[in-house]
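Good morning, everyone, and thank you for making the time. Please bring the sequence and the structure up on your screens, and I will walk through a few parts of them slowly.

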Amino acid sequence: MKEDLLHFLDEKTPIFQVGSPSAQMTAKKIAEHFNVKRNTVSHYLNEMVAEEKVIKINTRPVYFLSRSMFEKYFSPVDSCVFDSFESITELVDKVNRDTDIFERLIGVNGSLEKAIEQMRSSILYPGGGLPIILCGPTGVGKSYTAHLIHQFSIEKEVLPKAAPFISFNCAQYANNPELLSSNLFGYVKGAFTGAERTTEGMLKAADGGVLFLDEVHRLNEEGQEKLFTFLDQGVYRRMGETEGWHRADVRIIFATTLNLQKNFLKTFLRRIPIQVKIPDLEERGPREKAQFVNMFLIDESKKVNLPIHITGRAFDALTGHLYPGNLGDLKNTIKTLVATSFSKDRYASKINISLHDLPDVILRGIIQTKDHKFKQNNEIIINPSVNMEQLVESNYSSSNELKKTYEKILGLVQDSYHQKMDKRQLEQRIFNEILGIFDRFIFNSKKNTSALMEVITVNVQEILGYLENTNNIKFNGNTVFAMAHFLYYKGNSPFAWTNEQKKLINQIEHDVVENYQAENQLVKQLAELLNNKLDVSMSTMDELLLTFYLGSQSIAWNNDNFPRAIIVAHGYATASSIANVANRMLHKNIFEAFDMPLDTSIEDIAKNVNQYIEYTDIKNGLVILVDMGSLKEIYSKFTKYMKGPVAIINNVSTQMAIFVGNMLERGMYLEQIVEKIKGSNHTEYNIIYPEDHKEKAILTCCFTGMGTAIQLQKLLENSIPSEMEIKVIPYDYQQLEEFSFSDTLFKLFDVLAIVGTANPGVKEIEYISIEDLISGHGEEKIRKVFQKELSNQEIETINDNILRNFSLDRVIESVTILDKEKILKHVEEFLNRLEYLMNKRLTNDKKVALYVHTSCLVERLIRQEPIENYHHIDEFKKCQKNIIETIKEAFSVIEAVYSVKINLAEIGYIFDYLIAEPHVEEHF
């Protein structure tokens, strides 16, 4: 509860106004907000006051504020208890007086950092400071900066409070150098026609203070020489004087829009050691530019004493426009907008500004501008009493929905620690939260059709395309839209977190780096590219959310043995929408999407698909679901480019995509999928086989599953040198047994041999059993397989490698994670007992095979992943009761050691090997 209360105060304190305090910050209203008793809330709040986390103002009623947020947005405090608002106001005023005025300047830690350092040096230099010249184009704020230098000098007590500030624009007298000189230095009676009395000049008027000379390049050489004398010695003569000198203690600030070296005497410039460049508005960057828009809106709100409501899009347009007159131009634009809106209805309760109110020159800029900073599109409300810090906080308050999602994720993680929630369950709940908010972002129809949204989408698409090519991956077709909408709505303002939440974030970050290493690295690359290209910042929580999102999407890393699948459809996001729904329903990233304009030709479709094929391995097949068009025409465009079989299926729908995806996920092949589709949908199809030379391959298989086949693949790959270019492919035993040599794989590859734990019965291909390799009896078969492809020396190399890699110890070590020595010992006990109970000796080849099979079986039972299906299991149970009991009895020695229980299906596979006829005796 205390954490919730503090979090509430953290949110409300930045927008708290001392002059008109909100009742929301009282114990009564806080209790109503949380629907708990007032005395309970008061108790916890006073505890946090004692802990110095909360500020208490002892008025009637009592008010409570977050100390950390108050110190961040107002001023540091020595005590957490105040007697009145007057006492806290005095503290704030004192701190503001003590604060360096430059610290409140836009760009203090950005574009003006070096300039402010120079100005401080000029002002604080001993002996009256140093002359300074401000350089920059018209409208960048040189005059405003000069005023700040004057105020800073007074704040630091370099000048007295009454020190004058005199501003003189040299351009007003550019065509009359004598008049300019007389105004600057003064003149004596009779110095020129009309000089009826002696008059003091600007230098005298500025004595003891600051003289700001704007457009100083308008001074001629004589005027510069006179100023040089004053800068060098602190003395000057009035116009018309020939003797005597006048003294003045004046700090001079010069300003010019021109190049210094080309427009001033070198002797003059030598007396001005501090030369400060004030950047133009575009050089200051989008963040500072947005701050100026805010500042000028605040100024106008105070003048008309009305709140200003400006839409996010209008704010973006004002921020993105190029202003030739820099800050002055921007200020006048905003002043005109507010004045125009005010004049429409002088009795309105607010000023409204939207895209419809902007001048044409700004609206045209929206179309031409290609680079935007990400801004929220929600309405921004500026009240007359608001300050810059409060405005920044309230502008981003509309991102509360995202923050709530982050808080839910943090809450789920925290609960998982207390409740010991299963990791998979926690992961799925986090995925659901993230997918939920992404859905809300994507389907927010009121805001996702803006030009800015299109700009973001195009750039995100380009970045993700780059990541796909450099990382050899494929993102879900909907990833572009999901990420683009997320970036569009999230804004760039970081959220404030409690210390407890920060700890949770650090813990989640540690877990994510450990469990989602690949996805996290992708997000790191994405964040860097977004920052470089679009000036968007990513917080730790932003990166964690995107990492989880990619984790939920099951990114295709282009390393599986299943056919690829794409959806090609006409429309802005038709294919992406179908792919997204299908992938979400299947809980796996099966489909990639290609969205095509309605006028796309067959050639354009083929071009896009062929480009996809160039970066994707489709040797295992490709399924293309299309919405409409001539299948024969599409077929003709693909034939000569294919590296694998391609099934093109017409009339795609979401239902069809899910149906096809489900079959792909189950490992079904193109012919089977097409047959199923034909039976349930009215479709057209074509399967295209590659025309180029077949790659040589060896298959590995095991009738108990793919796990052992994959391990055999690794052992064979280590035995066959890579330069021999023979691919080793783990393959489904049942698939080979059912389709035999007519299986699609044999049309794709030149298969030299099948290596496995059971012979699938493909008569056209040489079969080598695992027990032959282990026992060394397979040498003759190896020589027979490779004699047409390799030299004798190469065959000897392979054979030597196989003898080394396929020892019983190495095979057992490879196919199971169990302790090799222990499992071999326990399997030996099982086989000895089995022989005793059967009263029959097992041949050596059967024993070798059973060593491998039983080791894998024990691991499956430990993992609680036993084989559940066995052919004719009811008949087997009925007819083979004795042998079932015998195998059970023998296996009990292993059950006792590993605390497992063998099931009927697993017994059936042992039975197949022991009892089967000689032609299938190699099964186990």
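Let me begin with one term that I will need straight away: a contact, or a touch, means heavy atoms within 4.5 Å. Please also keep in mind that this is a predicted model.

With that term in hand, which residues does Leu914 touch, if we leave out those up to four places away in sequence? They are Leu834, Met838, Lys840, Leu842, Lys846, Leu850 and Ile887. Leu914 belongs to the largest nonpolar core, which has 82 residues, and together with Phe786 and Phe806 it touches the most other members. Helix α38, running over residues 844-862, supplies the largest share of this core, namely nine residues. Apart from this core there lies another one, made of 51 residues, and Leu435, Phe475, Tyr516 and Leu546 are among them. As a general background, nonpolar side chains in soluble globular proteins tend to be buried together.

Let me turn now to a single helix, α7, which covers residues 142-155 and so has 14 residues. From its first C-alpha to its last, helix α7 reaches 20 Å, which is close to the 20 Å expected at 1.5 Å a residue. Several of its residues are buried, including Leu148, Ile149 and Phe152, and also Lys142 and His150. The buried residues of α7 pack against helix α6 and against the strands β4, β5, β8 and β11. Just after α7 comes Glu157, which takes a positive phi of about 60°.

What about the cysteines? A search of the whole structure finds zero disulfides. Cys701, for instance, is in no disulfide, and the nearest cysteine sulfur, which belongs to Cys702, is 7.5 Å away. Cys701 counts as buried, because its relative accessibility is 0% and the cut-off for buried is under 20%.

Finally, how far should we trust what we see? The mean pLDDT of the protein is 81, and 87% of its residues reach 70 or more. Confidence is highest in strand β4, at a mean of 94, and lowest in helix α17, residues 388-395, at 47. There are also stretches where pLDDT stays under 50, including residues 370-377, for which the model has 37 contacts beyond four places in sequence, and residues 445-449, for which it has eleven. Where pLDDT is low, the predicted coordinates should not be read in detail.

Technical notes
Residues numbered from 1 in each chain as written. Predicted model: local features only at pLDDT ≥ 70, side-chain atom pairs only at ≥ 80, totals over all residues. Heavy atoms only, no water. Core = buried A, V, L, I, M, F, W, Y, C linked by side-chain atoms within 4.5 Å. Buried < 20%, exposed > 50% of the residue type's maximum accessible area, 1.4 Å probe, protein only. Helix = DSSP H or I, 4+ residues; strand = E, 2+ residues; numbered from the N terminus. pLDDT = per-residue confidence, 0-100. Disulfide = S-S within 2.5 Å. Expected span 1.5 Å × (residues − 1).
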